[in-house]
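Trainee: Please take a close look at a single part of this model. I would like one connected account, with the terms explained as they come up.

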Amino acid sequence: MQTPKMISLAALVHSLRRSLLQIESRLLQAAGFDGHLAPALAPAVNGPSLLPNLLPQHNEEFPEGEQQSPEQLPGMPDSIMWMAAPKKRRTIEINRTRRRADSKLIKVKTNIEPCPECGHLKQKHVLCGFCYEKVRKETAIIRGQIKAMEGGPLKAPAMETVVLYEGETQREQDKDKRIVERSRKRPAWFS
């Protein structure tokens, strides 16, 4: 025979379970799901119940009108999908060994050499960034001069362009080409 304290605990657990079932059914209705679809929405693997089975087994102990109907479906506390979890914590040594593995370390580059023009370090068989920047700036100035001479990019004639620097003269081959004159000495890297 159960004591009055156990009966009140059992009644409390029953009322909690019933209210959770009602909340679940209202949420399903609010989401637009039919009440008959609840078994299909339950997780595939049924885990053990979260709430202990302290409910009395006889129907006469329930107050009238609070009997559990057979059409009430098991709620979310009864159906929990159990996820995989690690059995033991990884130690700091194992974590650091994994993070500092040889494959994850930065590789030392052996293909670095000084640029023969400017002396900055660069990779072999790759353009020097400093020299490229100088060439880009000089080319932008030459393009600006061509644009000023021709009056715009759409009016440029379809002919080759020759850049003459200070102290250079026009050659015989350059007669039919467009000439752009620059008032500075030709850079060694711009040939």
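Mentor: His125 sits in the loop between β2 (121–123) and α4; helices (H or I, at least four residues) and strands (E, at least two) are DSSP runs, numbered from the N terminus. The model is predicted, so local features need pLDDT of at least 70 and side-chain atom pairs pLDDT 80 or more, while totals for chains, interfaces and linings use all residues. Numbering starts from 1 along each chain as its sequence is written, and side-chain values use heavy atoms, without hydrogens or water.

His125 is not a glycine, yet its phi is positive, about 60°. The residue is exposed, at 84% relative accessible area (exposed is over 50%, buried under 20%, with a 1.4 Å probe and protein chains only). Across the protein, 17% of the 191 residues are buried.

The same stretch of chain also takes us to the second largest pocket, whose lining includes Lys122, Val126, Leu127 and Cys128. A pocket is an open set of points on a 1 Å grid where a 1.4 Å probe fits, with protein on both sides within 12 Å along at least five of seven lines; lining residues have an atom within 4 Å of a point. Its volume, the space filled by probe spheres set on the points, is about 160 Å³. Helix α4 (residues 129–150) gives the largest share of the lining, three residues. Also among the lining residues are Cys115, Pro116, Glu117 and Trp189. By class, the lining has nine nonpolar, two charged and no polar residues (Cys, Pro, Trp and Tyr are among those counted as nonpolar).

For the wider setting, the protein has four helices and four strands, in the order α-α-α-β-β-α-β-β from the N terminus.
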